[in-house]
Every structure is written in structure tokens, then in C-alpha cells.
Amino acid sequence: MAQYVRVTEDESLPAIEVPTEADGTILLSTLQAQFPGACGLRYKNPETDSWRGIRLLENMLCPPAVEGWGGHLYVVVQKNDSTSKRKIEESPNTKAEPETKMTKISSPEDGLGDLIVLGLPWKTTAEDMREYFQKFGEVVMAEVKMDYGSSKSRGFGFVNFKDPEVAKTVLSQVHRIQGRLCEVRLPRCKQEFMPKKLFVGRLPDSTNEGDLLDYFSKFGEVIDVYIPKPMRGISFVTFASGEVAKKVQSQNHRLGSNLLNVNFAEPKAAKNVHMPSPADIQSMSQNSVPGWGGMGFPEMYGMGSWSNAGRQNLSYNASAAYNSMMQSMMNMGNPSGASNMMANRHGRR
């Protein structure tokens, strides 16, 4: 008979009851459905206060040999990542509090990455680029982009340095390669699309914008700090550099006794315009479209009074919704004047 076993990702978090199979085992896929990335279970032996591991056999977790699953609280074992480690800190109240971040060990990806070199002479080769930039520091890669058809230079290339500090030095200087002035900068996609705004949660109630500015300024230039009112324990911090924001987001932060939740601030997705129901159509305003009662289509979508100019300035979604609504009304034969209105609309285009 199947039973339920209490499982949690951390002892300080609420447990989830996971079902066993008929033979008493727990499928690894069942565990991973609730805890993505899980690879095993462990529990604390009450007699020795030591952790005991659960046997994993052919993607099935076997119950402890003697007492079975019992009433133990089982803790998920996550897959180890060679490039990261999970940090556990002791909070001031001596209770173990898990850090929420995976702190990355330093790797080449933490640097600025490839730099783009613009305005190269047509005769410049990858060897020429490497020779020029090696005077600043060790070059990992130097490449001149070639045209596939003619195999001639396209006038730009990329260079990557082993030391990120060397890359910063190169970015700050003027370069002349084979007698021609060249521009070295970060690729546009990195400059323009790397997020700079961070969401900061779990703030102490007494936190003010000055406290956040003082704390985060030690990582780099902060251009804006915002705490919504009334205070809900959250804020937004914007850095001048996306690289700095990325570095801050990858680390753990504590303000006072609170372990902060720091993540990139995601913009709210635009909501689609929904078609009104037939009941809504019957209740639309006569002031907007003759023959309709109640609220008009423009007012429903916050567009004010209905006019030719207003229709022309509709967003794509709202305009498409209007066309679809009118077509549906023509198919239903309600109201009788809808066909003429639709024809007039297409005639104006």
C-alpha cells in the first residue's frame, strides 16, 4: 500500500508529502517533479544526530532497511555543479539559514568577454590584431570577421583577454592599428540589453533609501534607489553598469539580520486585449456606437470617445480586437448596421 513521505528542500521550509510506489520505493521522477534538480534524499538519525543517505537503485529511492520510511523528515539532495557551491550561513539567532544564491566560483565568464574592434584596415589579419593587443596583456582570442563569399575582411573583429582588468584598460584607451584609428568597445548587445535594475526583497522594516545606497554603492555606481510606499519590504536598485548588476545579483547579501533576496527586476509583460463577450456587446454604449447600450468599446479599453482619429491611433492588439469583434457581429447579424460600419472602415484604409 502506498504511503506519503515528508520531504523538504531545507529544514526551515515547509515539507511536501511525496507518494511511494506499491513496493515502498519513491521514483526519482516523482521527487524531481516537486524538487527539480534533486538526485537523492537524506535524513537525520535521531540517535547520533548524523545525516543518513537513502539508497538510489535504478532511479528508485529505497526506504531505510530496518524501520522503513517512518516519520522522519527527509531533505532533498541537489546535484552538485562544478562551477558553483551552495553557501550556508549561521544567522544571528543561531538557526541555520540557507543562502538563496548559488555563489559562482571565479571563471573566465565573469570577465567582460569578447570586445569588438571596429574600423580595422582591410589588410589587417587576426595575427596582426593579436600582435597589437598583446602589448596590453595575454590575448586568449583574436579574430577578424571575413566575408563568406569573397573571403575578404569585413573591417571589424573581436578580441578576448585572459585578465578582465586588461580588457577594461583597453576599453579606456584610443587605438591605432596599422595607421588607422579603430574603436574598441563592448558588443552592442551587451551594452544595451544587459539588465541594470535589481529587485531587492526581505528588507528590514526600518530600511530607507540611504541605507540601500550606502550598502550597494560599494559594488559600483548606483544611479537610482526606489522603495515603494507603504513599506512592503521590497525595493529596486539600478546600477550604471550591467556588469556590476550581474555581479551583485550572483552574490549573497545581508542587511542587518535579514538575508536579502536579490534578483533582476523583470518588466511586467504586456497584457493582451481580450475580446468582449456577447453579453458585453449587448451592453455597450449608444454614445460610442449607435444602437449599443451600456459601456462602449472605446471606454471599455480606456480609449475615451470613439472617433476616426482614435481608431487610426489604436494599438495593434486593440485594432485587431475591434476588427474581429465587428466581423463576429456581422456573422451573428447583430446589429444590422455593423456590415456598413465595417465596410466604411476598410474603405478608409
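**Strands, a helix and aromatic pairs in a predicted model**

Visitor: In this predicted model, how many bridges join strand β4 to strand β8?

Guide: Strand β4 covers residues 38–45 and strand β8 covers residues 74–78. The two strands run antiparallel. One partnership between them is that of glycine 40 with valine 77 in β8. The number of bridges joining β4 to β8 is four.

Visitor: Which strands are the edge strands of the five-stranded open sheet?

Guide: The order of the strands is β2-β1-β8-β4-β5, with mixed pairing. An edge strand here pairs on one side only. Neighbouring strands of the sheet are turned against each other by 45 degrees on average, direction ignored. The edge strands are β2 (16–19) and β5 (50–53).

Visitor: Is threonine 8 buried or exposed?

Guide: Threonine 8 belongs to strand β1, residues 4–8. Beyond its neighbours within four places in sequence, its contacts include Phe35, Leu73 and Val75. Its relative accessibility is 0%, and a residue under 20% counts as buried. Threonine 8 is therefore buried.

Visitor: Which backbone atom does the side chain of threonine 8 reach at 3.5 Å?

Guide: Proline 14 is among the residues in contact with threonine 8, as are Leu13 and Ala15. At 3.5 Å, the atom reached by the threonine 8 side chain is the backbone oxygen of proline 14.

Visitor: Why do the buried residues of helix α5 lie on the same side of α5?

Guide: Helix α5 spans residues 209–216, and its buried residues are Leu212, Tyr215 and Phe216. They lie on the same side of α5 because the arc they cover around the axis is only 85 degrees. In an α-helix with 3.6 residues a turn, residues three or four places apart point the same way. The value that places these residues on the same side is thus the arc of 85 degrees.

Visitor: Which elements do the buried residues of α5 pack against?

Guide: At the start of α5, a side-chain oxygen of asparagine 208 comes to within 3.0 Å of the backbone nitrogen of glycine 210. The packing partners of the buried residues are β16 (197–201), β17 (222–226), β18 (235–239), α6 (242–249) and β19 (254–255).

Visitor: Why is the pair of phenylalanine 133 and phenylalanine 136 tilted?

Guide: The whole structure holds twelve aromatic pairs. In the pair of phenylalanine 133 and phenylalanine 136, the ring centres are 6.3 Å apart and the planes stand at 40 degrees, so the pair is tilted. Planes from 30 to 60 degrees apart fall in that class, and the angle asked for is 40 degrees.

Visitor: Which parts of the chain does the pair of phenylalanine 216 and phenylalanine 239 link?

Guide: The pair is edge-to-face, with 6.2 Å centre to centre and 85 degrees between the planes. Phenylalanine 216 and phenylalanine 239 are both buried. The pair links distant parts of the chain, 23 residues apart: helix α5 and strand β18.

Visitor: Which residue does a cis peptide bond join to lysine 229?

Guide: Most peptide bonds are trans. The bond in question has an omega of about -5 degrees. The partner is found in the loop between β17 and β18, and its name is proline 230.

Visitor: Is aspartate 49 buried or exposed?

Guide: Aspartate 49 is found in the loop between β4 and β5. Its phi is near 60 degrees, a positive value in a residue other than glycine. With a relative accessible area of 54%, over the cut-off of 50%, aspartate 49 is exposed.

Terms used
Residues numbered from 1 in each chain as written. Predicted model: local features only at pLDDT ≥ 70, side-chain atom pairs only at ≥ 80, totals over all residues. Heavy atoms only, no water. Buried < 20%, exposed > 50% of the residue type's maximum accessible area, 1.4 Å probe, protein only. Arc of directions from axis to C-beta. Contact = heavy atoms within 4.5 Å. Polar contact = N/O pair within 3.5 Å; in protein donor to acceptor, adjacent residues only side chain to side chain. Pairing = 2+ DSSP bridges. Axes fitted to C-alpha atoms, helices over the stretch in contact; angles between N-to-C directions. Phe/Tyr/Trp six-rings, centres within 6.5 Å; stacked < 30°, edge-to-face > 60°.
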